[in-house]
Amino acid sequence: MLEIWGRNPLQGNVKISGAKNSALVLMAGSLLCPKDCRLRNVPSLVDISRMSQILTSLGVKLTKNGDVLDIDARDINPTAAPYDIVSQLRASFFAVGPLLARFGTVKIPLPGGCDIGARPVKLHIQGLQAMGASVLIESGIVHADVKGSNRRLQGAKIYLDYPSVGATETLLMAATLAEGETTIENAAQEPEIVDLANFCIAMGAKIYGAGTNKITIVGVDRLHSVDYAVIPDRIEAGTFLVAGAITHSEITVSSAIADHLVPVIAKLEAIGCRIINEGENCLRLIPGELKATDIETLPYPGFPTDMQAQFMALLCFSEGNSVISETVFENRLRHVAELQRMGANIRLKGNHALIQGVPFLSGAPVMSTDLRASAALILAGLAAQGKTIVRGLHHLDRGYEDIENKLRKLGARIERVTESN
(Lines give C-alpha, C1' and ligand atoms only; values in the text may rest on other atoms or scores of the structure.)
Protein backbone atom coordinates (compact mmCIF):
# COMPACT_ATOMS: atom_id res chain seq x y z
CA MET A 1 0.00 0.00 0.00
CA LEU A 2 1.00 3.65 -0.33
CA GLU A 3 1.11 5.96 2.65
CA ILE A 4 0.77 9.62 1.67
CA TRP A 5 1.15 12.62 3.97
CA GLY A 6 -0.68 15.50 2.33
CA ARG A 7 -0.21 19.25 2.03
CA ASN A 8 3.45 19.14 0.99
CA PRO A 9 4.28 21.51 -1.89
CA LEU A 10 5.92 20.07 -4.99
CA GLN A 11 8.65 21.60 -7.11
CA GLY A 12 11.08 20.56 -9.82
CA ASN A 13 10.91 18.55 -13.03
CA VAL A 14 9.50 15.11 -13.76
CA LYS A 15 10.37 13.09 -16.87
CA ILE A 16 7.48 11.26 -18.46
CA SER A 17 7.89 7.60 -19.43
CA GLY A 18 6.93 5.94 -22.70
CA ALA A 19 3.21 5.50 -23.35
CA LYS A 20 1.84 2.26 -21.93
CA ASN A 21 -1.02 2.06 -24.44
CA SER A 22 1.36 2.64 -27.32
CA ALA A 23 4.12 0.28 -26.16
CA LEU A 24 1.64 -2.59 -25.72
CA VAL A 25 0.27 -2.35 -29.25
CA LEU A 26 3.74 -1.84 -30.78
CA MET A 27 4.87 -5.03 -29.05
CA ALA A 28 1.95 -6.82 -30.68
CA GLY A 29 2.73 -5.12 -33.99
CA SER A 30 6.24 -6.57 -33.92
CA LEU A 31 4.60 -9.95 -34.63
CA LEU A 32 4.06 -8.72 -38.20
CA CYS A 33 7.82 -8.74 -38.80
CA PRO A 34 9.81 -11.97 -39.26
CA LYS A 35 13.04 -10.10 -38.44
CA ASP A 36 14.52 -8.24 -35.45
CA CYS A 37 12.68 -5.23 -34.02
CA ARG A 38 13.93 -2.79 -31.41
CA LEU A 39 11.61 -0.62 -29.33
CA ARG A 40 12.99 2.25 -27.26
CA ASN A 41 11.37 4.22 -24.42
CA VAL A 42 9.45 1.15 -23.23
CA PRO A 43 8.17 1.67 -19.66
CA SER A 44 8.68 -0.91 -16.91
CA LEU A 45 5.12 -1.82 -15.99
CA VAL A 46 3.14 -4.89 -14.99
CA ASP A 47 1.16 -4.75 -18.26
CA ILE A 48 4.40 -4.66 -20.27
CA SER A 49 5.63 -7.73 -18.36
CA ARG A 50 2.37 -9.53 -19.08
CA MET A 51 2.54 -8.72 -22.78
CA SER A 52 6.15 -9.93 -22.75
CA GLN A 53 4.95 -13.23 -21.23
CA ILE A 54 2.30 -13.57 -23.93
CA LEU A 55 4.82 -12.94 -26.73
CA THR A 56 7.29 -15.36 -25.15
CA SER A 57 4.58 -18.03 -24.94
CA LEU A 58 4.11 -17.62 -28.71
CA GLY A 59 7.83 -18.27 -29.22
CA VAL A 60 9.06 -14.67 -29.48
CA LYS A 61 12.57 -14.03 -28.15
CA LEU A 62 12.72 -10.88 -26.00
CA THR A 63 15.68 -9.04 -24.48
CA LYS A 64 15.07 -5.97 -22.28
CA ASN A 65 17.87 -3.60 -21.32
CA GLY A 66 16.58 -0.58 -19.44
CA ASP A 67 13.91 0.98 -21.62
CA VAL A 68 15.12 -0.82 -24.77
CA LEU A 69 13.28 -3.97 -25.85
CA ASP A 70 14.69 -6.22 -28.59
CA ILE A 71 12.12 -8.50 -30.23
CA ASP A 72 12.77 -11.52 -32.46
CA ALA A 73 9.51 -12.98 -33.81
CA ARG A 74 11.02 -15.22 -36.51
CA ASP A 75 9.84 -18.58 -35.19
CA ILE A 76 6.48 -18.38 -33.46
CA ASN A 77 3.34 -20.46 -32.94
CA PRO A 78 0.18 -18.37 -33.58
CA THR A 79 -2.02 -20.70 -31.48
CA ALA A 80 -0.02 -20.95 -28.22
CA ALA A 81 -1.19 -17.94 -26.14
CA PRO A 82 -2.02 -19.16 -22.59
CA TYR A 83 -5.37 -18.34 -20.98
CA ASP A 84 -3.97 -17.57 -17.52
CA ILE A 85 -1.90 -14.62 -18.83
CA VAL A 86 -4.20 -13.40 -21.61
CA SER A 87 -7.12 -13.26 -19.18
CA GLN A 88 -5.26 -10.60 -17.16
CA LEU A 89 -4.50 -8.22 -20.02
CA ARG A 90 -6.98 -6.74 -22.47
CA ALA A 91 -4.20 -5.60 -24.80
CA SER A 92 -3.34 -9.24 -25.44
CA PHE A 93 -6.11 -9.27 -28.06
CA PHE A 94 -3.97 -6.99 -30.21
CA ALA A 95 -2.02 -10.11 -31.22
CA VAL A 96 -5.00 -11.35 -33.27
CA GLY A 97 -4.54 -8.96 -36.21
CA PRO A 98 -0.79 -9.42 -36.73
CA LEU A 99 -0.88 -13.22 -36.29
CA LEU A 100 -3.84 -13.64 -38.64
CA ALA A 101 -2.23 -11.37 -41.23
CA ARG A 102 1.12 -13.16 -41.12
CA PHE A 103 0.07 -16.80 -40.69
CA GLY A 104 -3.56 -16.99 -41.83
CA THR A 105 -4.58 -18.56 -38.51
CA VAL A 106 -4.72 -17.65 -34.84
CA LYS A 107 -6.15 -19.05 -31.63
CA ILE A 108 -6.26 -16.81 -28.55
CA PRO A 109 -8.40 -16.63 -25.39
CA LEU A 110 -10.70 -13.67 -24.88
CA PRO A 111 -8.83 -11.03 -22.87
CA GLY A 112 -9.18 -9.41 -19.44
CA GLY A 113 -8.00 -6.11 -17.89
CA CYS A 114 -9.56 -3.36 -15.77
CA ASP A 115 -13.24 -3.91 -14.97
CA ILE A 116 -14.48 -0.52 -16.18
CA GLY A 117 -17.37 -1.64 -18.33
CA ALA A 118 -18.19 -3.55 -21.47
CA ARG A 119 -15.41 -3.35 -24.03
CA PRO A 120 -16.51 -6.01 -26.51
CA VAL A 121 -14.27 -7.29 -29.29
CA LYS A 122 -17.22 -7.34 -31.72
CA LEU A 123 -15.83 -4.50 -33.86
CA HIS A 124 -12.45 -6.24 -34.15
CA ILE A 125 -14.12 -9.46 -35.27
CA GLN A 126 -16.51 -7.83 -37.74
CA GLY A 127 -13.60 -6.03 -39.38
CA LEU A 128 -11.52 -9.20 -39.67
CA GLN A 129 -14.54 -11.00 -41.16
CA ALA A 130 -14.89 -8.21 -43.72
CA MET A 131 -11.27 -8.96 -44.69
CA GLY A 132 -12.10 -12.60 -45.35
CA ALA A 133 -11.41 -14.24 -41.99
CA SER A 134 -13.56 -16.98 -40.54
CA VAL A 135 -13.95 -16.27 -36.81
CA LEU A 136 -15.42 -18.62 -34.20
CA ILE A 137 -15.62 -17.99 -30.45
CA GLU A 138 -15.91 -21.23 -28.52
CA SER A 139 -15.49 -21.74 -24.75
CA GLY A 140 -13.86 -18.34 -24.38
CA ILE A 141 -11.34 -19.00 -27.18
CA VAL A 142 -11.22 -17.04 -30.43
CA HIS A 143 -10.39 -19.21 -33.46
CA ALA A 144 -9.71 -17.27 -36.67
CA ASP A 145 -8.60 -18.60 -40.06
CA VAL A 146 -8.19 -17.30 -43.58
CA LYS A 147 -9.20 -19.68 -46.35
CA GLY A 148 -7.64 -19.86 -49.80
CA SER A 149 -4.36 -21.11 -51.19
CA ASN A 150 -2.26 -18.15 -50.01
CA ARG A 151 -4.16 -17.67 -46.69
CA ARG A 152 -3.96 -13.88 -47.01
CA LEU A 153 -6.49 -11.45 -45.71
CA GLN A 154 -8.15 -9.34 -48.41
CA GLY A 155 -8.40 -5.56 -48.48
CA ALA A 156 -11.85 -4.29 -47.56
CA LYS A 157 -13.88 -1.17 -46.83
CA ILE A 158 -14.62 -1.15 -43.10
CA TYR A 159 -16.87 1.23 -41.19
CA LEU A 160 -16.62 1.18 -37.41
CA ASP A 161 -19.90 1.81 -35.58
CA TYR A 162 -17.80 3.46 -32.85
CA PRO A 163 -14.28 4.92 -33.16
CA SER A 164 -12.77 2.15 -31.05
CA VAL A 165 -9.04 2.51 -30.45
CA GLY A 166 -8.54 -1.24 -30.08
CA ALA A 167 -10.51 -2.15 -33.20
CA THR A 168 -8.74 0.53 -35.25
CA GLU A 169 -5.35 -0.81 -34.13
CA THR A 170 -6.25 -4.46 -34.70
CA LEU A 171 -7.55 -3.82 -38.22
CA LEU A 172 -4.73 -1.44 -39.15
CA MET A 173 -2.16 -4.12 -38.27
CA ALA A 174 -4.10 -6.86 -40.05
CA ALA A 175 -4.37 -4.74 -43.19
CA THR A 176 -0.61 -4.09 -43.49
CA LEU A 177 -0.07 -7.59 -44.95
CA ALA A 178 -3.48 -8.01 -46.61
CA GLU A 179 -3.89 -8.31 -50.34
CA GLY A 180 -5.11 -5.00 -51.78
CA GLU A 181 -6.35 -1.81 -50.16
CA THR A 182 -8.21 -1.46 -46.87
CA THR A 183 -10.02 1.65 -45.66
CA ILE A 184 -11.15 2.13 -42.07
CA GLU A 185 -13.91 4.74 -41.78
CA ASN A 186 -14.83 6.33 -38.43
CA ALA A 187 -11.40 5.30 -37.23
CA ALA A 188 -10.07 6.32 -33.82
CA GLN A 189 -7.72 9.32 -33.99
CA GLU A 190 -5.66 8.96 -30.78
CA PRO A 191 -1.91 9.70 -30.81
CA GLU A 192 -1.33 6.00 -30.09
CA ILE A 193 -2.96 5.19 -33.46
CA VAL A 194 -0.51 7.54 -35.18
CA ASP A 195 2.38 5.97 -33.27
CA LEU A 196 1.34 2.48 -34.41
CA ALA A 197 0.99 3.65 -38.00
CA ASN A 198 4.44 5.30 -37.91
CA PHE A 199 5.91 2.12 -36.43
CA CYS A 200 4.42 0.00 -39.21
CA ILE A 201 5.47 2.54 -41.87
CA ALA A 202 9.03 2.36 -40.49
CA MET A 203 8.83 -1.41 -41.15
CA GLY A 204 7.73 -0.83 -44.75
CA ALA A 205 3.92 -0.65 -44.46
CA LYS A 206 1.89 1.74 -46.62
CA ILE A 207 -0.54 3.62 -44.38
CA TYR A 208 -2.21 6.96 -45.04
CA GLY A 209 -4.47 9.15 -42.91
CA ALA A 210 -3.62 7.93 -39.39
CA GLY A 211 -4.80 10.58 -36.94
CA THR A 212 -7.90 11.30 -39.06
CA ASN A 213 -11.19 9.41 -39.12
CA LYS A 214 -10.31 7.64 -42.37
CA ILE A 215 -7.22 5.45 -42.62
CA THR A 216 -6.12 3.79 -45.86
CA ILE A 217 -3.73 0.83 -45.83
CA VAL A 218 -2.24 -0.69 -48.98
CA GLY A 219 -1.07 -4.20 -48.17
CA VAL A 220 2.54 -5.25 -48.75
CA ASP A 221 4.08 -8.73 -48.98
CA ARG A 222 6.40 -8.43 -46.00
CA LEU A 223 7.80 -6.02 -43.42
CA HIS A 224 11.40 -5.47 -42.35
CA SER A 225 13.41 -4.69 -39.20
CA VAL A 226 12.90 -1.44 -37.32
CA ASP A 227 14.43 0.62 -34.52
CA TYR A 228 11.65 2.78 -33.08
CA ALA A 229 10.98 4.96 -30.00
CA VAL A 230 7.59 4.87 -28.24
CA ILE A 231 5.87 8.26 -27.78
CA PRO A 232 5.64 9.76 -24.26
CA ASP A 233 2.63 8.82 -22.13
CA ARG A 234 0.11 11.66 -22.41
CA ILE A 235 -1.95 10.30 -19.51
CA GLU A 236 1.04 10.18 -17.17
CA ALA A 237 1.93 13.72 -18.27
CA GLY A 238 -1.63 14.87 -17.57
CA THR A 239 -1.60 13.17 -14.18
CA PHE A 240 1.55 15.02 -13.10
CA LEU A 241 0.16 18.34 -14.35
CA VAL A 242 -2.88 17.73 -12.14
CA ALA A 243 -0.50 16.90 -9.25
CA GLY A 244 0.95 20.40 -9.60
CA ALA A 245 -2.50 21.99 -9.79
CA ILE A 246 -3.99 20.12 -6.82
CA THR A 247 -1.02 20.95 -4.54
CA HIS A 248 -0.77 24.57 -5.79
CA SER A 249 2.77 23.83 -6.94
CA GLU A 250 4.79 25.05 -9.89
CA ILE A 251 6.35 22.03 -11.64
CA THR A 252 7.69 21.19 -15.08
CA VAL A 253 6.91 18.06 -17.05
CA SER A 254 9.48 16.99 -19.64
CA SER A 255 9.13 14.46 -22.47
CA ALA A 256 5.50 15.53 -22.87
CA ILE A 257 4.01 16.40 -26.26
CA ALA A 258 1.72 19.41 -25.89
CA ASP A 259 -0.27 18.56 -29.03
CA HIS A 260 -1.33 15.28 -27.39
CA LEU A 261 -2.60 17.14 -24.31
CA VAL A 262 -4.77 19.87 -25.86
CA PRO A 263 -8.05 18.98 -24.06
CA VAL A 264 -6.24 18.38 -20.74
CA ILE A 265 -4.40 21.70 -20.95
CA ALA A 266 -7.62 23.51 -21.91
CA LYS A 267 -9.42 22.19 -18.83
CA LEU A 268 -6.51 22.98 -16.50
CA GLU A 269 -6.59 26.55 -17.80
CA ALA A 270 -10.37 26.67 -17.38
CA ILE A 271 -9.90 25.58 -13.76
CA GLY A 272 -7.44 28.43 -13.16
CA CYS A 273 -3.92 27.19 -13.94
CA ARG A 274 -1.52 28.36 -16.63
CA ILE A 275 0.49 25.99 -18.82
CA ILE A 276 3.63 27.38 -20.44
CA ASN A 277 5.34 25.55 -23.29
CA GLU A 278 9.02 25.81 -22.40
CA GLY A 279 10.58 24.43 -25.54
CA GLU A 280 10.81 20.96 -26.99
CA ASN A 281 8.38 18.67 -25.16
CA CYS A 282 8.59 20.56 -21.83
CA LEU A 283 5.56 22.07 -20.06
CA ARG A 284 5.48 24.24 -16.95
CA LEU A 285 2.38 24.38 -14.77
CA ILE A 286 1.71 27.66 -12.93
CA PRO A 287 -0.97 27.03 -10.27
CA GLY A 288 -3.90 29.37 -9.66
CA GLU A 289 -7.07 29.65 -7.64
CA LEU A 290 -9.11 26.58 -8.54
CA LYS A 291 -12.60 27.11 -9.91
CA ALA A 292 -15.32 24.75 -11.12
CA THR A 293 -15.75 23.57 -14.68
CA ASP A 294 -17.70 20.89 -16.56
CA ILE A 295 -16.08 17.92 -18.30
CA GLU A 296 -17.46 15.38 -20.76
CA THR A 297 -15.28 12.46 -21.77
CA LEU A 298 -15.17 11.75 -25.49
CA PRO A 299 -13.03 9.88 -28.01
CA TYR A 300 -9.90 11.80 -29.07
CA PRO A 301 -9.56 14.71 -29.72
CA GLY A 302 -12.14 15.11 -26.95
CA PHE A 303 -11.35 14.96 -23.25
CA PRO A 304 -9.81 11.54 -22.45
CA THR A 305 -11.68 9.12 -20.22
CA ASP A 306 -8.28 8.13 -18.82
CA MET A 307 -8.00 11.60 -17.21
CA GLN A 308 -11.54 11.75 -15.81
CA ALA A 309 -10.76 10.37 -12.34
CA GLN A 310 -7.72 12.61 -11.84
CA PHE A 311 -9.72 15.73 -12.75
CA MET A 312 -12.50 14.66 -10.41
CA ALA A 313 -9.99 14.72 -7.56
CA LEU A 314 -8.92 18.22 -8.64
CA LEU A 315 -12.49 19.51 -8.91
CA CYS A 316 -13.18 18.35 -5.34
CA PHE A 317 -10.96 21.30 -4.29
CA SER A 318 -12.31 23.77 -6.88
CA GLU A 319 -14.68 26.54 -5.83
CA GLY A 320 -18.18 26.09 -7.18
CA ASN A 321 -20.18 23.28 -8.75
CA SER A 322 -18.79 21.03 -11.50
CA VAL A 323 -20.29 18.23 -13.56
CA ILE A 324 -18.31 15.34 -15.02
CA SER A 325 -20.10 13.23 -17.64
CA GLU A 326 -18.53 9.86 -18.42
CA THR A 327 -19.66 8.83 -21.93
CA VAL A 328 -16.96 6.32 -22.87
CA PHE A 329 -17.12 3.60 -20.17
CA GLU A 330 -20.25 2.98 -18.13
CA ASN A 331 -18.51 1.60 -15.04
CA ARG A 332 -15.84 4.23 -14.51
CA LEU A 333 -17.14 6.24 -11.57
CA ARG A 334 -16.43 3.80 -8.75
CA HIS A 335 -13.72 6.07 -7.34
CA VAL A 336 -16.49 8.46 -6.26
CA ALA A 337 -17.17 6.41 -3.12
CA GLU A 338 -13.48 6.48 -2.17
CA LEU A 339 -13.24 10.26 -2.65
CA GLN A 340 -16.37 10.62 -0.54
CA ARG A 341 -14.58 8.74 2.25
CA MET A 342 -12.06 11.58 2.24
CA GLY A 343 -14.80 14.20 2.55
CA ALA A 344 -15.57 15.00 -1.09
CA ASN A 345 -19.04 16.37 -1.86
CA ILE A 346 -20.01 14.33 -4.95
CA ARG A 347 -23.43 13.08 -6.04
CA LEU A 348 -23.94 10.53 -8.79
CA LYS A 349 -26.78 10.72 -11.28
CA GLY A 350 -26.41 8.02 -13.91
CA ASN A 351 -23.15 8.63 -15.72
CA HIS A 352 -22.86 12.16 -14.30
CA ALA A 353 -20.91 13.16 -11.20
CA LEU A 354 -22.05 16.41 -9.58
CA ILE A 355 -19.16 17.86 -7.59
CA GLN A 356 -19.36 20.71 -5.12
CA GLY A 357 -15.92 21.98 -4.17
CA VAL A 358 -14.94 21.77 -0.48
CA PRO A 359 -12.22 23.64 1.44
CA PHE A 360 -10.27 20.48 2.20
CA LEU A 361 -10.25 16.67 2.13
CA SER A 362 -9.05 14.52 5.01
CA GLY A 363 -6.67 11.60 4.71
CA ALA A 364 -8.36 8.20 4.94
CA PRO A 365 -7.84 4.54 3.99
CA VAL A 366 -9.04 4.12 0.39
CA MET A 367 -9.08 1.33 -2.20
CA SER A 368 -8.18 1.63 -5.88
CA THR A 369 -10.91 0.35 -8.17
CA ASP A 370 -9.02 0.63 -11.47
CA LEU A 371 -5.81 2.07 -12.92
CA ARG A 372 -6.82 5.72 -13.26
CA ALA A 373 -8.81 5.69 -10.01
CA SER A 374 -5.60 4.74 -8.20
CA ALA A 375 -3.91 7.85 -9.63
CA ALA A 376 -6.87 10.01 -8.58
CA LEU A 377 -6.66 8.75 -4.99
CA ILE A 378 -2.95 9.49 -4.86
CA LEU A 379 -3.60 13.02 -6.13
CA ALA A 380 -6.33 13.51 -3.53
CA GLY A 381 -3.95 12.22 -0.86
CA LEU A 382 -1.25 14.70 -1.89
CA ALA A 383 -3.65 17.59 -1.22
CA ALA A 384 -5.56 16.18 1.76
CA GLN A 385 -4.97 16.95 5.42
CA GLY A 386 -3.28 14.12 7.28
CA LYS A 387 -2.35 10.64 6.06
CA THR A 388 -4.00 8.75 3.23
CA ILE A 389 -3.48 5.02 2.73
CA VAL A 390 -4.08 3.73 -0.81
CA ARG A 391 -4.55 -0.01 -1.28
CA GLY A 392 -5.06 -2.00 -4.48
CA LEU A 393 -1.72 -1.04 -6.03
CA HIS A 394 -1.90 -3.86 -8.58
CA HIS A 395 -4.00 -1.44 -10.63
CA LEU A 396 -1.48 1.39 -10.26
CA ASP A 397 1.49 -0.76 -11.25
CA ARG A 398 -0.19 -1.64 -14.55
CA GLY A 399 0.15 1.89 -15.88
CA TYR A 400 2.48 4.20 -13.92
CA GLU A 401 6.21 3.60 -13.92
CA ASP A 402 7.81 4.32 -10.52
CA ILE A 403 5.20 6.97 -9.68
CA GLU A 404 5.97 7.22 -5.96
CA ASN A 405 9.69 7.84 -6.58
CA LYS A 406 8.87 10.47 -9.20
CA LEU A 407 6.54 12.20 -6.75
CA ARG A 408 9.08 11.91 -3.93
CA LYS A 409 11.71 13.66 -6.05
CA LEU A 410 9.21 16.51 -6.50
CA GLY A 411 8.86 16.80 -2.71
CA ALA A 412 5.88 14.58 -1.88
CA ARG A 413 5.86 12.54 1.32
CA ILE A 414 4.87 9.15 -0.03
CA GLU A 415 6.04 5.65 0.88
CA ARG A 416 5.22 2.17 -0.39
CA VAL A 417 4.94 -0.22 2.51
CA THR A 418 4.09 -3.88 2.92
CA GLU A 419 0.95 -4.35 4.97
CA SER A 420 1.51 -6.45 8.09
CA ASN A 421 -1.01 -9.17 8.84
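These are my notebook entries on a predicted model, covering its two domains, some salt bridges and a few backbone oddities.

**Entry 1: the domains**

I started with how the chain is divided. The domain assignment gives domain 1 as 2-17 + 232-416, and domain 2 as 20-229. So much for the borders; next I looked up the spacing. The C-alpha centres of domain 1 and domain 2 are 31 Å apart. For their contact I noted 24 residues from domain 1 and 21 residues from domain 2.

**Entry 2: the area between them**

I wanted a size for this interface. The size of an interface is often given as the accessible area lost when the parts come together. Here, domain 1 and domain 2 bury about 2000 Å² between them. Carbon and sulfur atoms account for 52% of that area.

Which three residues supply more than any others of the area that domain 1 buries against domain 2? I found Tyr-300, Phe-329 and Arg-398, which together give 32% of it. I kept two of those names in mind, Tyr-300 and Arg-398, for later entries.

**Entry 3: what crosses the interface**

I checked the polar side of things next. Between domain 1 and domain 2 there are 2 salt bridges. I also got 6 residue pairs in polar contact across the interface, with both residues at pLDDT 80 or more.

Then I looked at the side of domain 1 that touches domain 2. Helices α12 (371-383) and α13 (393-399) each put at least two residues there. The largest share comes from α13, with 4 residues. Sorted by class, that side of domain 1 has 8 nonpolar, 5 polar and 11 charged residues.

**Entry 4: helix α1**

On to domain 2, which starts at residue 20. Helix α1 covers residues 20-29, and I found it mostly covered: 9 of its 10 residues are buried. Among the buried ones are Leu-24, Val-25, Leu-26 and Met-27. Lys-20 is on that list too, so I looked up its number: a charged residue with 6% relative accessibility, which counts as buried because the cut-off is under 20%.

**Entry 5: following Lys-20**

The structure holds 21 salt bridges in total. I picked the one that starts at Lys-20. Lys-20 pairs with Asp-47, and their closest N and O atoms are 3.2 Å apart. The two sit 27 residues apart in the chain, Lys-20 in helix α1 and Asp-47 in helix α2 (residues 46-57).

Is Asp-47 buried or exposed? Asp-47 has 0% relative accessibility, so I wrote it down as buried.

Asp-47 has another partner as well. Asp-47 forms a salt bridge with Arg-398, with the closest N and O atoms 2.9 Å apart. Asp-47 lies in helix α2 and Arg-398 in helix α13, so this pair ties together parts that are 351 residues apart in sequence. Both Asp-47 and Arg-398 are buried. Arg-398 was the residue I had kept in mind from the buried-area entry, where it is one of the three top suppliers on the domain 1 side.

**Entry 6: Glu-192 and Arg-234**

I then checked another salt bridge. The side chains of Glu-192 and Arg-234 meet at 2.9 Å, N to O. Glu-192 is in helix α7 (residues 191-202) and Arg-234 in helix α8 (residues 234-246), so the pair ties together parts 42 residues apart in sequence. Glu-192 is buried, with a relative accessible area of 6%. Arg-234 counts as buried too, at 11% relative accessibility.

Back to the earlier group for a moment. Shared partners join Lys-20, Asp-47, Arg-50 and Arg-398 into one salt-bridge network.

**Entry 7: backbone oddities**

Last, I looked for unusual backbone spots. The peptide bond from Tyr-300 to Pro-301 is cis, with omega near 15°. That is the Tyr-300 from the buried-area entry. Pro-301 lies in the loop between β17 (295-296) and α10 (308-315).

Which residues other than glycine have a positive phi? I noted two cases, Arg-151 and Ser-255.

- Arg-151 has a phi of about 55°. Arg-151 is in the loop between β8 (141-146) and β9 (157-159), and at 34% relative accessibility it counts as partly exposed.
- Ser-255 has a phi near 60°. Ser-255 is in the loop between β14 (251-254) and α9 (262-271), and at 22% relative accessibility it also counts as partly exposed.

Terms used
Residues numbered from 1 in each chain as written. Predicted model: local features only at pLDDT ≥ 70, side-chain atom pairs only at ≥ 80, totals over all residues. Heavy atoms only, no water. Domains from an automatic or database assignment. Contact = heavy atoms within 4.5 Å. Buried area = accessible area lost by both parts, 1.4 Å probe. Salt bridge = Lys/Arg side-chain N within 4 Å of Asp/Glu carboxyl O. Polar contact = N/O pair within 3.5 Å; in protein donor to acceptor, adjacent residues only side chain to side chain. Buried < 20%, exposed > 50% of the residue type's maximum accessible area, 1.4 Å probe, protein only.
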